[in-house]
Amino acid sequence: MAEYQVSHIQPEYKFHINLDEYDRRATLSADELKVVRRWKEENLVITKRQAPRLHKPLTDILYRSNLDRANSHRALKYLLLTVAHQEKPYWGWSEDLWVEIINNSPVLKKTGMVPQLIAVAYLLCGFRSVYKIQRNVATAVVARLVFGAEIVDTECERLFSALTRVGFVCQTVRPLVPSVFAAVALQGENPKLESFDRKILEHTRECYTGNHIAKRIGILSNGLAAMGLTSKVIHFRAYQPRHGTETDNINPEWMTWCRRWLETTTLRDGVDGLPAASMCHDGGSLTIRRRPPV
């Protein structure tokens, strides 16, 4: 899968974490190694005085807000104990190791701290493969930890308002939008809707193939078009387009109308259950007078 490159023309987003402030050596010093080995052997109470270089970056992320403090405490201890077992700081963990730690640890089966672990990996270690995590990720929670709850909630409300204006039922889309929005924002490294272009939508859809998030990317496209952030709705189709392959027995004027409808409609790939491709053929028998304007 091709890696998405963040465009320089997108609105810049500055993360609250400045990595240059931290000592990011990928190996433990001799003194740190003695300390973490005690954690592993004795399961002592862990304090920031014992290993401040490892402790402070985690608290800067996990305790930034009051969002789920209980799981933040659990995540802090879990990560430091994992450092002890690996005998390597999280700065030196590869993407594959992060995926293995989160996917395979039995400790995480009955806890809700997976979003906290992903947020730490994202902000401190450049981890972007959220779609590789097989556990219940709760992408909306991850986005709140990474970008801040205020901006995530604000952008989601903008989407809700736009979708309501073009006919979506708010009670229907409200539970769906945050997780899809968060997945796109995390892949694009920017929560501002102005940064959501076709490239990042298609990249996110490809990453989450087979996941409910991929199937709902089109909802975001409708909202972006309603807000004027894209020139038209971006249709994501599971079949090859028919444009240019139509048979000669379709009325050219009807085909023109169908194409204009497909380019401007806010509906998905059908009308009352009738696929758009079939509409081109079956609708050809209608008289020109009965066709509504687009």
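Helices here are DSSP runs of H or I with at least four residues, strands are runs of E with at least two, and both are numbered from the N terminus. Ala-138 is placed by these labels: it sits in the loop between H5 and H6. The model is predicted.

## The whole protein

The protein has 14 helices and 2 strands. It has 294 residues, and 43% of them count as buried. Now take contacts between residues at least 6 apart in sequence. Of these, 68% join residues at least 24 apart.

## Burial, residue by residue

How buried or exposed are some single residues? The table gives relative accessible areas for several of them, starting with Cys-125 at 24%.

| Residue | Relative accessible area | Class |
|---|---|---|
| Cys-125 | 24% | partly exposed |
| Cys-156 | 3% | buried |
| Thr-230 | 14% | buried |
| Ala-138 | 31% | partly exposed |
| Glu-189 | 27% | partly exposed |
| Gly-148 | 10% | buried |
| His-55 | 10% | buried |

The classes follow from cut-offs: under 20% is buried, over 50% is exposed, and partly exposed lies in between. His-55 is therefore buried, at 10%. Ala-138 is partly exposed, because its 31% falls in the middle range.

The table lists two cysteines, Cys-125 and Cys-156. How many disulfides are there? The count is 0. A disulfide needs a pair of cysteine sulfur atoms within 2.5 Å.

## Helix H2 and His-55

His-55 lies in helix H2, which covers residues 52–62. What does His-55 touch beyond its neighbours within four places in sequence? Its contacts are Thr-47, Lys-48, Leu-76, Leu-80 and Tyr-90.

## Helix H4 and its cover

Helix H4 spans residues 95–104. Its buried residues are Leu-97, Trp-98, Val-99, Ile-101, Ile-102 and Asn-103. What covers them? The cover includes helix H3 (69–86) and helix H5 (114–125).

## Helices H6 and H7

Helix H6 runs over residues 139–147, and helix H7 over residues 149–165. Their axes come within 7 Å and cross at roughly 125°. This crossing makes H6 oblique to H7. Why oblique? The angle is not under 35 degrees, not over 145, and not between 65 and 115, so it falls in the remaining class.

Which residues meet here? From H6 come Ala-143, Arg-144 and Phe-147. From H7 come Ala-149, Ile-151, Val-152 and Asp-153. By type, the contact has 5 nonpolar residues, no polar ones and 2 charged ones.

Gly-148 lies in the loop between these two helices. Gly-148 is buried, at 10%. Leaving aside neighbours within four places in sequence, Gly-148 is in contact with Arg-64 and Ala-143. Ala-143 also takes part in the contact of H6 with H7. Gly-148 and Pro-191 are 43 residues apart in sequence. In space, their C-alpha atoms are 9.5 Å apart.

## Positive phi outside glycine

Two loop residues have a backbone feature to look for. Ala-138 is not a glycine, although its phi is positive, about 55°. Glu-189, also a residue other than glycine, has a positive phi near 60°. Where is Glu-189? Glu-189 is in the loop between helix H9 (177–188) and helix H10 (198–207). Its relative accessible area is 27%, so Glu-189 is partly exposed.

## Helix H12 and the loop after it

Helix H12 is mostly covered, with 7 of its 10 residues buried. The buried ones are Ile-217, Ile-219, Leu-220, Ser-221, Asn-222, Gly-223 and Leu-224. Which elements cover them? Among them are H7, H9, H10 and helix H11 (212–215).

Gly-228 follows H12, and its phi is positive, near 80°. Thr-230 is in the loop that leads from helix H12 (217–226) to helix H13 (252–264). Is this residue buried or exposed? Thr-230 is buried, at 14%. Not counting residues up to four places away in sequence, Thr-230 touches Phe-196, Ser-221, Leu-224 and Ala-225. Two of these partners, Ser-221 and Leu-224, are buried residues of H12. With Ala-225 there is also a polar atom pair. A polar side-chain atom of Thr-230 lies 3.4 Å from the backbone nitrogen of Ala-225.

Key: Residues numbered from 1 in each chain as written. Predicted model: local features only at pLDDT ≥ 70, side-chain atom pairs only at ≥ 80, totals over all residues. Heavy atoms only, no water. Buried < 20%, exposed > 50% of the residue type's maximum accessible area, 1.4 Å probe, protein only. Polar contact = N/O pair within 3.5 Å; in protein donor to acceptor, adjacent residues only side chain to side chain. Contact = heavy atoms within 4.5 Å. Axes fitted to C-alpha atoms, helices over the stretch in contact; angles between N-to-C directions. Nonpolar A, V, L, I, M, F, W, Y, C, P; charged D, E, K, R; others polar.
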